[in-house]
Amino acid sequence: MEAQVGRVLALPYPDASFDAVWFANTSQYLTDDELMTALAEFRRVVRPGGLVAVKEHAGALTAIMPAPPGVTLRGYAAWAAAGST
Ligand SMILES: C[S@@+](CC[C@H](N)C(=O)[O-])C[C@H]1O[C@@H](n2cnc3c(N)ncnc32)[C@H](O)[C@@H]1O
């Protein structure tokens, strides 16, 4: 297995070089225009008939039970304030 760092807005791969793309938990950081560019890039690097799969995290659907409403979001805020990534 190889790993490579790149930008989803300009993937460093030739056309039709993969069977599939898996794009997880990152579309939320893109503007609408950037997302359209990224999707075009995924389509470009996947072979015809290949698969592009996009998954996103829905923080509002995360729940810790029993707990007061919003505890998960306050946890994220505390985590961010602490400088974690
Ligand atoms: C919430 S993490 C998700 C990481 C991983 N995909 C996962 O599901 O565990 C979001 C990632 O998106 C990356 N990211 C944000 N904008 C990007 C861009 N334009 N190109 C490539 N990566 C980007 C960030 O560096 C970060 O690693």
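Ala-24 stands opposite Lys-55 in β2, a handy place to start a tour of this predicted model. From β1 the chain passes through helix α1 (residues 32-45) on its way to β2, and this β-α-β crossover is right-handed. Ala-24 is also one of the residues around the ligand, so we will come back to that site below.

**Strands and crossover**
- β1 and strand β2 (residues 46-55) run parallel and are joined by 6 bridges.
- Another pairing between the two strands involves Ala-20, whose bridge partner in β2 is Leu-51.
- How many of the 10 residues of β2 are buried? The number is 0, so β2 lies largely in the open.

**Around the ligand**
- The shell consists of Arg-7, Val-8, Leu-9, Ala-24, Asn-25, Thr-26 and Tyr-29.
- By character, these residues divide into 4 nonpolar, 2 polar and 1 charged.
- Leu-9, one of the shell residues, lies in the segment before β1 (18-24).
- Is Leu-9 buried or partly exposed? Leu-9 is partly exposed, because 13 other C-beta atoms lie within 10 Å, and a buried residue would need 20 or more.
- Setting aside neighbours within four places in sequence, Leu-9 is in contact with Glu-34, Thr-37, Ala-38 and Glu-41.
- Leu-9 and Met-36 are 27 residues apart in sequence, while their C-alpha atoms are 9.1 Å apart in space.
- Asn-25, also in the shell, is found in the loop between β1 and α1.
- Asn-25 counts as exposed because it has 10 C-beta neighbours inside 10 Å, and the exposed class takes in 12 or fewer.

**Backbone angles to look at**
- Most residues other than glycine have a negative phi.
- Asn-25 has a phi near 60°, a positive value in a residue other than glycine.
- Ala-16 likewise has a positive value, with phi near 50°.
- Ala-16 is found in the segment before β1, and with 14 other C-beta atoms within 10 Å it is partly exposed.
- Gly-83, just after α2, takes a positive phi of about 90°.

**The segment before β1**
- Tyr-13 lies in this segment, as do Leu-9 and Ala-16.
- What is the exposure of Tyr-13? Tyr-13 is partly exposed, with 14 other C-beta atoms within 10 Å.
- Tyr-13 and Val-45 are 32 residues apart in sequence, with 6.5 Å from C-alpha to C-alpha.

**Helix α2**
- Helix α2 spans residues 71-81 and holds Trp-79.
- The helix is hardly covered, since the count of buried residues among its 11 residues is 0.
- Trp-79 is exposed because 11 other C-beta atoms lie within 10 Å, and the exposed class takes in 12 or fewer.
- Where does Trp-79 sit relative to Gly-6? The two are 73 residues apart in sequence and 26 Å apart in space, C-alpha to C-alpha.

**What the record lists**
- In an unreviewed entry, UniProt lists residues 4-53 as "domain: Methyltransferase type".
- The span of residues 4-53 is 28% helix and 30% strand, and its end C-alpha atoms lie 19 Å apart.

Methods:
Residues are numbered from 1 along each chain as its sequence is written. This is a predicted model: local features need pLDDT of at least 70, side-chain atom pairs count only at pLDDT 80 or more; totals for chains, interfaces and linings use all residues. UniProt positions are given in the numbering used here, feature names are shortened, and annotations may be inferred rather than shown by experiment. Helices (H or I, at least four residues) and strands (E, at least two) are DSSP runs, numbered from the N terminus. A residue is near a molecule or strand if its C-beta atom, placed from the backbone, lies within 6 Å of it. Ala, Val, Leu, Ile, Met, Phe, Trp, Tyr, Cys and Pro count as nonpolar, Asp, Glu, Lys and Arg as charged, and the others, Gly among them, as polar. Two residues are in contact if their C-beta atoms, placed from the backbone, lie within 7 Å. Two strands pair if DSSP finds at least two bridges between them. A crossover is right-handed if, with the strands pointing away from the viewer, the path from the first strand over the helix to the second runs clockwise.
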